[in-house]
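Dear colleague,

I am passing on the structure we talked about, and below it you will find my notes on one part of the fold. Please read them with the model open beside you.

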Amino acid sequence: MLSCAKQERDGVKLFYQIHCLVDSLSAENTEKLKQTIAPFSAFSSIEFCDISKNDDAYPFKLVSKLFLRLNSFAQKRFSKMILCRLLLASIFPQYEKIIMFDVDTLFVGDISESFFIPMGGEYFGMVKEDLSLFNLNSLDAFLKNRTIDCIKFFELDEENVLPTEELITLYRNHFNVGFMVANLKLWRDDNLEEKLCEFLVARNHSLVCPEQDTINIVCVNKILPISDSYNFSHRLFYRKKINEKSDVCMVHFFSGEKPWKDSYFYLPYATKWRETLFKTSFALDFFENYKNQFENYKNQVENLSNNKRGFFEFLNTRLNKKLLIQYFLFKIFKKLESFCLR
């Protein structure tokens, strides 16, 4: 994000205060994240808020309570972290406006302009989701899909599915929460958090995407549609017939389609994601994760699938002397660490 971020707007210097909401993040990974953004310290800073260490304090205590109210399917599929989105005004009382985004994302352009979009009377600025990407091409298809999901996965009776009028609202007002500009001042003025939590408690059993469904239904007509360049689905890549140098700010690898999985090495922007990763403090961890695969397949190149072949071709271009020395030292450190912990 920072490598693409503008440092000045209309002659005024910009500063990016990054807050990472985490759940039991190790000290090692915290330090690596700090090291990663260190080169950008002139115009940015990073802070960590571990909700597991604040579980007895408001609003994180409420986050835990709300999570326990969700149906079992949602609890297995999601982390309680997602419910922090409903309490942003309390988590960040020092701000009137913030940008929040998911972790399964890649920044390929500047997002600073999104912060300056006039919000007016809207609680959020978000990208409206194209439901046809999920083969939901009509209201009828959407209603049937939600009913089937609730009966099959949530084991609900049909009458316990969300009321039809709320499902219709959700279909017409389906915004993706993977990137949002949040107008926290208006949240506080309108006591929005209480309304969101009340709805979640009332409908918890029938929510497929708990916080996203809640926001889209409760905040109907109070969400400002913004350009899909701020939350660009990798599935839109071929439909829009664009190239990877087009005017896209953030790519969102939603669902199970992640560029770090060997089944998806050929996703649009996956190579860019790996190139970016190799510039961070996590490069050696990534190399370690796939080293065994490389050793297993290096003598069977002709039998490699296109996905694995593509990955190893990519990896081969980065096996320079510097990286190998770093990796050798990394392995020594891991061995010493393991020995000292015995």
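Five bridges, to begin with the pairing, are what hold my attention here: in this predicted model, strand S5 and strand S8 (residues 175–183) run antiparallel and are joined by 5 bridges. Within that pairing, Ile-99 has Val-181 of S8 as its bridge partner.

These two strands belong to an open sheet of 4 strands, in which the order is S5-S8-S7-S9 and the pairing is mixed. Strand S5 (97–101) and strand S9 (223–225) form the edges, each of them pairing on one side only, and from one strand to the next the twist averages 30°.

As for the helices, helix H10 (residues 210–218) lies across strand S7 (124–128), S8 and S9, and its direction is at about 60° to that of S8.

Helix H10 also meets helix H9 (residues 192–203), the two axes coming within 10 Å and crossing at roughly 120°. Because angles of 65 to 115 degrees count as roughly perpendicular and those over 145 as roughly antiparallel, H9 is described as oblique to H10. The crossing of these two helices is right-handed.

On the H9 side, the contact is made by Leu-192, Lys-195, Leu-196, Phe-199 and Leu-200, while H10 contributes Pro-210, Thr-214, Ile-215, Ile-217 and Val-218. Sorted by character, the residues of this contact between H9 and H10 comprise 8 nonpolar, 1 polar and 1 charged.

With best regards

Conventions. Residues numbered from 1 in each chain as written. Predicted model: local features only at pLDDT ≥ 70, side-chain atom pairs only at ≥ 80, totals over all residues. Heavy atoms only, no water. Pairing = 2+ DSSP bridges. Axes fitted to C-alpha atoms, helices over the stretch in contact; angles between N-to-C directions. Contact = heavy atoms within 4.5 Å. Parallel < 35°, antiparallel > 145°, perpendicular 65-115°, else oblique. Left-handed = near helix turned anticlockwise from the far one by under 90°. Nonpolar A, V, L, I, M, F, W, Y, C, P; charged D, E, K, R; others polar.
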